[in-house]
Amino acid sequence: MTVERGQGAEKKKIIPERVPMSRRDPAERIRDFGEVAGGYTPDEAMAEASRCLGCKQPYCREGCPVGVDIPAFIGLIKEGLFEAAAAKVREENLLPAICGRVCPQENQCEQRCTLGQKYEPVAIGRLERFLGDYELARGKEVPETAPPSGRRVAVVGSGPGGLACAADLARLGHRVKLFESLHVPGGVLVYGIPEFRLPKRIVQAEIEALCRLGVEIECNVVVGRTVTIDELFAEGFDAVFVGTGAGSPRFPGIPGQNLPGVQSANGLLTRVNLMRAYRFPEYDTPVRIGRRVVVLGGGNVAMDAARTALRLGADEVRVVYRRSREELPARQEEVHHAEEEGVRFTFLAAPVRCLAGPDGRLGALECLRFELGAPDASGRRSPVPIPGSEFIMEVDNVIVAIGQGPNPLIQQTTPDLEVSPKGMIVADPETGATSKRGVFAGGDIVAGAATVIMAMGAGRKAARAIDAYLRGGVDPWNRR
Amino acid sequence: MFTIVRKEVLSPSVKLMEIEAPRIARRARAGQFLILRINERGERIPLTVADCDPERGTVTIVFMEIGKTTYALGRMNQGEALLDVVGPLGRPTEIERFGRVVCVAGGVGTAAVYPMCRAFQEAGNEVICIVGARTKELLFWEERLRSVVGELLITTDDGSYVRKGFVTDVLREVVERPEPPDRVVAVGPLPMMRAVCAVTREYGVKTIVSLNPIMLDGIGMCGACRVTVAGKTRMACVEGPEFDGHEVDFDELAQRLRRYQEQEREALARFQAECDCQ
């Protein structure tokens, strides 16, 4: 179906529905960890790009946390100029193959799409992913780098913030060393987001591209324990970027939360994604999932955990969330995929306590029903418990995905670094400058658990500020 | 590269390795641990740092072969390298001049207790060390320990060396002396640490235990190592591994330690079957 729409002298054809993207059948895909969504072919990408109205006022771009020139790259796709389109994306977003897969586009660019006000918005995320994959498949060119500045920067944490910061600094001519505490780089992209949503080969390719830029990576270094920030300066680094993320799991604080059978989503996901426990005993790390699994929480991590549990062989996986479906913080697409795969939902309920079975392990979960009351500070209607509405579910596993706090180790061992009451590093939102001279920070460690694109954006802002600082342009600590 | 520069067989099932890890060697303090991974398919296992030499850039670990990874590690030799070693992790032992400190070690805990004894003595404490082993041939580092303590007391479960009995028998005598200890530190198998705490609780002597829960990342991210201490959930990897033993929920910890028992048995059986084939 097409609709004619008058627009001055010119008439623009409206195509109300997006080009569908191939997806593996749910019954097949829950038997393995392979990627669910197939991605566009060049023809599909061009067809989808042709839906873009090319608005004079590109609201989509305003909706992008890093301001990617969306109409421009879509215009180039329309003409089949994929390389130019990819280069256009890359001006603002260094990780299109990753962001195209994991960004919550429906709350960002696609939410603002003019076409989307009445019809399906342009599939900006899928187009971005197409370009990212196109580039990776052809082998990314090594971009030109500025002449060596002679300055050295330590980037702590190799998640999206650190990767982006390191890439920009290297292109600006600085010598960059990336420190990672785990045994592989990538941070949450590797330990957190499952293979079926973000194949690790993509993260790997981005990291290889970074190495070709001259960035050095040292794994197995826990800054804060193995080496302190002050020692990094003593090692000869001129500036430090801290992007250690929010990886410290929160627990509900209910009786029985430490029973065997209760685990954090981070723990489950790290076993499976980082350690490949789903291939035990071929790989040494074991994982155990029972028949009946409850996941607490409603974000992307909860969806990832629920879908991982299914793939590990659980018969029944239920997400328990204290608000209603409308408030689910997870990406719609992930909720949709989870439901397709058979994940069930209990809304407006929250756990009260975990109960031990006869063997001393977790046997049941007691919950309380909620109703929605007045909106809270975040604008979401806050859940109010209904007295006497307790109910009990028999479960073998409870997976806790109710949020993550900041990783604490750098803050603990850097006394002159200002930290918020919640344990986050205090940094200037524009420059990433912290209270400690020469130290910048960005991503979840500053903002609290957010998105890949926000962390990447913060890393890039900090890179610009670090460059200015190292070249003697702007010293954020002299203005104070 | 984390090269094994020296290997020593301390008893048929207990081995020592000195590993090249200069960053860890520079910073490790008594009570801290490291996490290692042997190869690409390997699991991450935590082991206490038993000693370190900042000049040589090496750290020493002592381990008992009990599961697949420790058996596989025990078969590695000098000159070979581990894929990953990260540390030092955890908070160091609180070392102050407490007065009289008793360090109680069971099994491979002896290795962990050695740097603690040395640090306590250097801080001006009178250090008494009680070491227990199942049998004489499992005992190691007797002379080494003697060099850093005021008094070394040894027991064996079967009476094959010095005196027959458990560390708690000796501990009780020490605690009942006219000059009782100001602090007790216990490192060893969980039942032994629990028994030590039962004795010292009677006498009101502050007792620190070094816990060994299941761990994955060691930097506070997986939550597998959480223990209940004084009714609160604590992460042993970043807040521990040492806690006030009188506040630790040992029953819960014991149960959590058995979480992957079946898989651990399976992995070990497969590994041993493969070794027998070769």
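**Strand 11 of chain B**

Select strand 11 (residues 151-156) of chain B: five of its six residues are buried, so this strand is largely enclosed by the rest of the structure. Buried means under 20% relative accessible area, exposed means over 50%, and partly exposed lies in between, with a 1.4 Å probe and protein chains only. Helices (H or I, at least four residues) and strands (E, at least two) are DSSP runs, numbered from the N terminus. The model is predicted: local features need pLDDT of at least 70, side-chain atom pairs count only at pLDDT 80 or more, and totals for chains, interfaces and linings use all residues. Residues are numbered from 1 along each chain as its sequence is written, chains are lettered from A and ligands numbered from 1 in the order in which they are written, and side-chain values use heavy atoms, with hydrogens and water left out.

Next, add strand 10 (residues 126-133) of chain B, which runs parallel to strand 11 of chain B and is joined to it by six bridges. Two strands pair if DSSP finds at least two bridges between them. Within this pair, V131(B) stands opposite I154(B). Then add strand 12 (residues 163-164) of chain B, which pairs with strand 11 of chain B in the parallel sense over two bridges. There, R163(B) is the bridge partner of T155(B).

**L253(B) and a hairpin**

Move to helix 8 (residues 250-257) of chain B and select L253(B) in it. Is L253(B) buried or exposed? Its relative accessibility is 1%, so L253(B) counts as buried. Leaving aside residues up to four places away in sequence, L253(B) touches L190(B), L211(B), P213(B) and V227(B). Contact means heavy atoms within 4.5 Å.

Follow V227(B) to its bridge partner: it stands opposite R234(B) in strand 16 of chain B. Strand 15 (residues 226-229) and strand 16 (residues 232-235) of chain B run antiparallel and are joined by four bridges. These two strands form a hairpin with two residues between them, and A230(B) in the turn has a positive phi of about 50°.

**The open sheet of chain A**

Turn to chain A, which is divided into domain 1 (3-138), domain 2 (152-247 + 406-470) and domain 3 (251-404). Domain bounds come from an automatic or database domain assignment. Select an open sheet of five strands in chain A, with the order 5-4-3-6-18 and parallel pairing. Which are the edge strands? They are strand 5 (216-218) and strand 18 (439-441) of chain A, each pairing on one side only. Neighbouring strands of this sheet are turned by 20° against each other on average, direction ignored.

Inside the sheet, strand 3 (residues 152-156) and strand 4 (residues 175-179) of chain A run parallel, joined by five bridges. R152(A) stands opposite R175(A) in strand 4 of chain A.

**Two helices on the sheet**

Now show helix 9 (residues 160-171) of chain A, which packs on the sheet, touching strand 3, strand 4 and strand 6 (239-242) of chain A; its direction makes about 165° with that of strand 4 of chain A. Helix 18 of chain A also packs on the sheet, touching strand 3, strand 6 and strand 18 of chain A, and its direction makes about 170° with that of strand 6 of chain A. Axes are lines fitted to C-alpha atoms, for helices over the stretch in contact, and angles run from 0 to 180 degrees between N-to-C directions.

Eleven of the twelve residues of helix 9 of chain A are buried, so this helix is largely enclosed by the rest of the structure. The buried residues pack against several elements of chain A, including helix 10 (188-191), helix 11 (200-212) and helix 18. After helix 9 of chain A comes G173(A), whose phi is positive, near 100°.

Helix 18 (residues 452-470) of chain A has 19 residues and reaches 27 Å from its first C-alpha to its last, close to the 27 Å expected at 1.5 Å a residue. The expected span is 1.5 Å times one less than the number of residues. In helix 18 of chain A, 14 of the 19 residues are buried, so it too is largely enclosed by the rest of the structure. G472(A), which follows helix 18 of chain A, has a positive phi near 80°.

**The nonpolar cores**

Finally, select F73(A), F440(A) and V104(B), the residues with the most contacts inside the largest nonpolar core, which has 142 residues. Helix 18 of chain A gives the most to this core, with nine residues. Apart from it lies another core, of 34 residues, among them A105(B), M116(B), F120(B) and C129(B). A nonpolar core is a set of buried Ala, Val, Leu, Ile, Met, Phe, Trp, Tyr and Cys residues joined through side-chain atoms within 4.5 Å.
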